[in-house]
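Me: I have a protein model open and want to get my bearings. Can we go through it piece by piece?

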Amino acid sequence: MRVLFITILAGMSICSCRAQDLAPRAYIITPLHSNAITLTWSFYHGSIDYNGALPISGATGTYSVPILSYYHSFSFFGRSANVLASLPYAVGNFHGTAFGAENHLYRSGLLDSVFRFSVNLKGGPAMPVEQFVKWRQKVLLGASLKVMAPTGQYDPTKLINWGTNRWSFKPEFGYSERWGKWVLDGHLGVWFFTTNPEFWSHNIYYSGTRFQSQDPIGALEGHLSYDVKLRLWFSLDGNFWFGGKTSVNGVQNPLSRQANSRIGGTVAVPMSKHQSLKFSYSDGTYIRFGGNYQNFSVAWQYSWLGRPN
């Protein structure tokens, strides 16, 4: 049972939380050739709810995730578009009781890298900065594709891996509308997952090969933000995601279906012409299956047009 406990505890701890991060103003456009480097530190602490799928009580997780990201905007057939690449690292401790025995787990390592391509479909043509400063946002419609690549640390003979050993894809549709200093955003997307062909295999517990699969997860996200002044804004954030039942060797666990939501807030503060800070906090409002974490994040960003100056 210790083996079973650690397997499930590690398998659902951080990857699902990263997939459901809150991202206000994700579809607001920037001038052509905008660049940004962002260093983010996120801290997670909370409980893990197994919804009766396992006889585990008092399951908790505490971990931090530093992330290095790069953003670049460009013209895509005359429309404003951008790409984002992120490389995360995780350090975490997990604890729980199974059949009266306490268990503790510590791990650190690279997580799967994340890549996102986004393009505006309506209301946001690609503009140089001279034209952009005269432009006023009304209704923006956009689409994006986020990809999580299996670049994280993974060893199929071990139970504990930060990497997922699979590809994840999230096509998404986004809406943003401005009324004076108020901005309303809405996102609708679906996560699709490839199969992990070697899930806890070729070891003393299981000499063969096992595969793990997961159903798609639908995701809804909304944000209401207010501009105090240029580059200084705050927002109220919320999301809801559902689905994602998992299977091992084709045997599905119906109790693993997710129906979860989070709510939080974000504040962006300019520090200089090129630098800014962003603070965010979120907490679970309804968790049917998975991690019910409190999350605090702080991000430092350096941005520029063209070459740094």
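**A histidine in a loop**

Reply: Let's start with one residue. His 274 is buried, with a relative accessible area of 14%. Keep in mind that this is a predicted model.

Me: Why does His 274 count as buried?

Reply: Because buried means under 20% relative accessible area, and His 274 has 14%.

Me: Where is His 274 found?

Reply: In a loop. Strand S14 (258-270) comes before that loop and strand S15 (275-286) follows.

Me: And which backbone oxygen lies 2.8 Å from a polar atom of its side chain, I mean the side chain of His 274?

Reply: That of Ser 303.

Me: Back to the two strands. How do S14 and S15 run?

Reply: Antiparallel, with 10 bridges joining them. Arg 262 stands opposite Gly 284, which is in S15.

Me: How many residues does the hairpin between S14 and S15 run through?

Reply: Four residues join S14 to S15 in that hairpin.

Me: What about S15 and strand S16?

Reply: S16 covers residues 290-305. Eight bridges join S15 to S16, and these two also run antiparallel. One pair to look for is Phe 279, which stands opposite Val 298 in S16. S15 and S16 form a hairpin too, with three residues between them.

Me: New topic. Which residues make up the largest nonpolar core?

Reply: There are 12 residues, including Tyr 44, Ile 67, Phe 94, Trp 162 and Tyr 293. Strands S1 (34-49), S2 (56-76) and S3 (79-98) each give two or more residues to this core.

Me: Which strand gives the largest share of this core?

Reply: S2, with four residues.

Me: What lies apart from that core?

Reply: Another core, of seven residues. Val 114, Met 148, Phe 193 and Ala 219 are among them.

Me: Why do nonpolar side chains end up together?

Reply: In soluble globular proteins, nonpolar side chains tend to be buried together. That is a general tendency.

Me: Now zoom out. How many helices and strands are there in the protein?

Reply: Three helices and 16 strands.

Me: How much of the protein counts as buried?

Reply: 45% of its 309 residues. The protein exposes about 14900 Å², and carbon and sulfur atoms supply 64% of that area.

Me: Last one, on contacts with a separation of 6 or more. What percentage comes from residues 24 or more positions apart?

Reply: Such residues account for 65% of those contacts.

Methods
Residues are numbered from 1 along each chain as its sequence is written. This is a predicted model: local features need pLDDT of at least 70, side-chain atom pairs count only at pLDDT 80 or more; totals for chains, interfaces and linings use all residues. Side-chain values use heavy atoms; hydrogens and water are left out. Buried means under 20% relative accessible area, exposed over 50%, partly exposed in between (1.4 Å probe, protein chains only). A polar contact is a pair of N or O atoms within 3.5 Å; within protein, one must be able to donate a hydrogen and the other to accept it, and residues adjacent in sequence count only if both atoms are side-chain atoms. A nonpolar core is a set of buried Ala, Val, Leu, Ile, Met, Phe, Trp, Tyr and Cys residues joined through side-chain atoms within 4.5 Å. Two strands pair if DSSP finds at least two bridges between them. Contact means heavy atoms within 4.5 Å. Accessible areas come from the Shrake-Rupley method with a 1.4 Å probe; for residues, only the protein chains shown count as cover.
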